[in-house]
Amino acid sequence: MSDAYSDFASVYDELMDNIPYEEWFTYLKGILQEYNIDKGIIAELGCGTGSITELMAKSGYDMIGIDNSTSMLNMANKKKATNNSSSLYLCQDMREFELYGTVAAVISLCDSINYITKSEELIQVFKLVNNYLDPKGIFIFDFHPRFYYKEIVADTTIAEDRDNISFIWDNYYDEEENINELYLSLFIKESENSDLYRKHEEMHLQKGYTLAEMKELIKASGLEFVQAYDAFTHSEATEKCERIYIIARESGK
């Protein structure tokens, strides 16, 4: 079984074509502008294939995309070349990422934070974010709370059959550890003229944190918690949201 996103990277954008990246970008940019961040350097943790990164770059931000998957970053660099952007992509683990200086904001979307399954490691991520933010800089990230894994996707199977790609996504929720295990089986057609499909398997682990736990981890890291929104709204988040956006602020080194 492959590491998460190694085989998935080549078909990720095709299978995720239901995600309204333009709408996500508009929402994100609106929040940044509320905190007077309409230019400057922004780092994205877990940037994947660079869809949001490149939209941000196109709107005038100087972007740094960080991901630990070389396969995903290869796709991101192809978008960079197509867009003729100046985005910088770094292959780093967000638990120990390094930048050359501070940035106006750090962002992390598409529940990348849920992949940090140990609280002490998530605190370390937040400490690094605080370290690399400009004074009073903003950190914006989204995550799926425990409710989502336990009540929405637990023990479900998602499958889709397309002309060149099919997939089966099995979810198993460990209530004791609050870990959701996602087993992905991909069937990718060898070529347009072939009837042969190659099977690829990956396992993904994501932790279901509560909103209360997330606030405590932010506090423990030294960041200042500012706001929690029900995703894509300005309504206050609750434990029963499916996706939550957190806004935190740099609070001293």
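Which exposed residues does the face of H4 turned away from its buried side carry? That face carries Lys78, Ala81 and Thr82.

This is a predicted model: local features need pLDDT of at least 70, side-chain atom pairs count only at pLDDT 80 or more, and totals for chains, interfaces and linings use all residues. Residues are numbered from 1 along each chain as its sequence is written, and side-chain values use heavy atoms, with hydrogens and water left out.

**View 1. Helix H4 (residues 70-83) and its two faces.** Helices (H or I, at least four residues) and strands (E, at least two) are DSSP runs, numbered from the N terminus. The end C-alpha atoms of H4 lie 20 Å apart, which agrees with the 20 Å that its 14 residues should span at 1.5 Å a residue. The expected span is 1.5 Å times one less than the number of residues. Met72, Leu73, Ala76 and Lys79 are the buried residues of H4. They sit on the same side of H4, because they cover an arc of only 110 degrees around the axis. The arc is that of the directions from the helix axis to the C-beta atoms. An α-helix has 3.6 residues a turn, so residues three or four places apart point the same way. Buried means under 20% relative accessible area, exposed over 50%, and partly exposed in between (1.4 Å probe, protein chains only). Just after H4, Asn84 has a positive phi of about 55 degrees.

**View 2. The hairpin of strands E6 and E7.** E6 covers residues 157-161, and E7 covers residues 165-174. The two strands run antiparallel, joined by 5 bridges. Strands pair if DSSP finds at least two bridges between them. The hairpin connection has 3 residues. Ala159 has Ile168 of E7 as its bridge partner. E6 is hardly covered: of its 5 residues, the count of buried ones is 0.

**View 3. Glu202, a buried acid in strand E9.** The strand spans residues 197-207. Glu202 counts as buried because its relative accessibility is 1%. What is the nearest side chain of opposite charge to Glu202? That side chain is Lys199, 13 Å away, and Glu202 has no salt bridge. For charge, Lys and Arg count as positive and Asp and Glu as negative; His and the chain ends are not counted. The side chains of Glu202 and His204 share a polar contact of 3.1 Å. A polar contact is a pair of N or O atoms within 3.5 Å; within protein, one must be able to donate a hydrogen and the other to accept it, and residues adjacent in sequence count only if both atoms are side-chain atoms.

**View 4. Salt bridges at helix H6.** A salt bridge is a side-chain nitrogen of Lys or Arg within 4 Å of a carboxyl oxygen of Asp or Glu. By this rule the count is 8. Glu213 and Arg146 form one, at 2.8 Å from N to O. Glu213 is in helix H7 (residues 211-221) and Arg146 in H6 (residues 146-153), so the pair ties together parts 67 residues apart in sequence. Lys150 bridges to Glu175, with the closest N and O atoms 3.1 Å apart. Lys150 is in H6 and Glu175 in the loop between E7 and strand E8 (179-189), 25 residues apart. Lys150 is partly exposed, at 36% relative accessible area.

**View 5. The salt bridge of Arg249 and Glu224.** Their closest N and O atoms are 3.5 Å apart. Arg249 lies in strand E11 (residues 244-249) and Glu224 in strand E10 (residues 224-230). Glu224 is partly exposed, with a relative accessible area of 31%.
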